[in-house]
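This briefing introduces a protein structure for a first-year reader. Please keep the sequence and the three-dimensional view at hand while reading the points below.

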Amino acid sequence: YAALPTAVNITWSSINFKTILQWQPKPSGYFYTVEIHGQTSDIKKKCILTTETECDVTDALKDVKETYVAHILSVMAAGTDNFEEPPYALSEKFTPYSQTVIGKPEIKNYTQEGSKLNVVIKDPLTPYTFPNGSFQSIGDIFQHDLEYKLYYWKDQSSGKKDTTTKSHTFEVSVESTKNYCFYVQGFIPSRRENRNGQTSVVHCTTGERGVFDEYGAEVFIIIAVIAIAVITLAIVLPVILCKRKKARAAREKEPLNGV
């Protein structure tokens with residue numbers, strides 16, 4: 001056993017509490033067995049006598065607030081008579097509740113009605129289940145520690161705004177004549193690390209926002225000014241022409257000087 005290589009580059013990879021342990025190198029002539037040691041829980045063996053260099057340890061970490069350490073044992077094949085303790089490598093400590101990455105939220109539906117943009121989101125699910133077999137969401141586990149942030153901006157604009165909520169709905173005031181694009185991100189303010197989660201897919205509203213929207217308010221103002229000028233001209237011009245006509249008629253009626 002003493003001559004067997006031990007694992008190196010051990011990493012935890014966890015998204016929405018689905019947790020994979022990875023390491024190197026590929027074994028040659030021996031196997032790996034993973035042991036998960038919790039501070040207060042029993043040792044759990046996973047991926048026994050594997051030739052892989054990764055192991056799904058999700059179901060060994062059900063107490064998500066527990067802190068765990070993985071022992072990756074380098075072992076010979078089963079049935080080998082060797083009573084020595086196999087060599088092993090230790091992982092870093094891992095606490096799912098504070099270290100799992102918050103995955104992409106799902107945007108359930110959205111509407112833009114008048115000057116209100118409404119967005120409804122859905123929590124990502126975890127691999128853990130309730131007693132009835134339905135999957136727990138990250139919201140079920142994090143409760144009030146979980147918040148969501150909505151980033152939104154006018155379509156084809158770079159000016160981005162954001163707002164946060166502890167619920168699953170956003171209602172923000174927007175310009176009724178503009179379409180808006182947005183995405184959502186979960187985050188946990190109480191964390192020191194991994195506070196911000198993965199971002200959702202970007203969505204954009206596509207409603208008809210008025211004939212002048214495509215060209216902006218500036219063009220609307222210019223058109224309004226031109227319209228006022230045309231109306232003014234339509235009123236003033238006949239008056240001027242009428243006065244000139246009367247003046248000409250008056251001159252024609254005057255007697256010729258010296259006659």
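Trp23 touches Ala7, Val8, Asn9, Ile10, Tyr32, Val34, Glu52, Thr53, Glu54, Cys55 and Ile72, leaving aside residues up to four places away in sequence. The structure is a predicted model. The points that follow begin with the nonpolar core that includes Trp23, and then turn to strands, backbone angles and aromatic rings.

**The nonpolar core**

- The largest nonpolar core has 42 residues, and Leu21, Trp23, Ile36 and Val119 are those with the most contacts inside it.
- This core lies between domain 1 (8–98) and domain 2 (106–205), because both domains give residues to it.
- As a general background, nonpolar side chains in soluble globular proteins tend to be buried together.
- Trp23 is buried, with a relative accessible area of 3%.
- Leu21 also has a place in strand pairing, since its bridge partner in strand 5 is Cys55. Cys55 is in addition one of the residues that Trp23 touches.

**Strand pairing around strand 2**

- In general, strands of a sheet pair through backbone hydrogen bonds, either parallel or antiparallel.
- Strand 1 and strand 2 run antiparallel and are joined by six bridges.
- Ile15 stands opposite Lys18 in strand 2.
- Strand 1 and strand 2 form a hairpin with two residues between the strands, and Asn16 in this hairpin takes a positive phi near 50 degrees.
- Strand 2 also pairs with strand 5 (residues 54–56), in the antiparallel sense and over three bridges.

**The sheet of strands 8, 9 and 14**

- Three strands make an open sheet in the order 8-9-14, with antiparallel pairing.
- Strand 8 (106–113) and strand 14 (169–173) stand at the edges and have a single partner strand each, so one side of each is left without a neighbour in the sheet.
- On average, neighbouring strands of this sheet are turned by 15 degrees against each other, with direction ignored.
- Seven bridges pair strand 8 with strand 9 (residues 116–122) in the antiparallel sense.
- Glu106 stands opposite Lys122 in strand 9.

**Backbone angles that call for attention**

- In general, most residues other than glycine have a negative phi, and most peptide bonds are trans.
- Asn9 is not a glycine, yet has a positive phi of about 55 degrees. Asn9 is found in strand 1 (residues 8–15), and this residue is exposed, with a relative accessible area of 52%.
- Phe17 likewise has a positive phi, of about 75 degrees, although it is not a glycine. Phe17 is placed in the loop between strand 1 and strand 2; this residue is buried, with a relative accessible area of 1%.
- Which residues does a cis peptide bond join? The bond joins Gln24 and Pro25, and omega is about -5 degrees.
- Pro25 has its place in the loop between strand 2 (18–24) and strand 3 (31–38).

**Aromatic rings**

- A search of the whole structure finds 10 aromatic pairs.
- One of them is formed by Trp23 and Tyr32, an edge-to-face pair at 5.5 Å centre to centre with 80 degrees between the planes.
- Tyr32 counts as buried, at 0% relative accessibility.
- The ring centres of Tyr97 and Phe142 are 4.9 Å apart and their planes stand at 55 degrees, so this pair is tilted.
- Tyr97 lies in helix 1 (residues 96–99) and Phe142 in helix 2 (residues 138–142), so the pair ties together parts that are 45 residues apart in sequence.
- Both Tyr97 and Phe142 are buried.
- Phe17, Tyr97, Tyr128 and Phe142 form one aromatic cluster. Phe17 thus appears here again, as the residue with a positive phi in the loop between strand 1 and strand 2.

How values were computed: Residues numbered from 1 in each chain as written. Predicted model: local features only at pLDDT ≥ 70, side-chain atom pairs only at ≥ 80, totals over all residues. Heavy atoms only, no water. Core = buried A, V, L, I, M, F, W, Y, C linked by side-chain atoms within 4.5 Å. Buried < 20%, exposed > 50% of the residue type's maximum accessible area, 1.4 Å probe, protein only. Domains from an automatic or database assignment. Contact = heavy atoms within 4.5 Å. Helix = DSSP H or I, 4+ residues; strand = E, 2+ residues; numbered from the N terminus. Pairing = 2+ DSSP bridges. Axes fitted to C-alpha atoms, helices over the stretch in contact; angles between N-to-C directions. Phe/Tyr/Trp six-rings, centres within 6.5 Å; stacked < 30°, edge-to-face > 60°.
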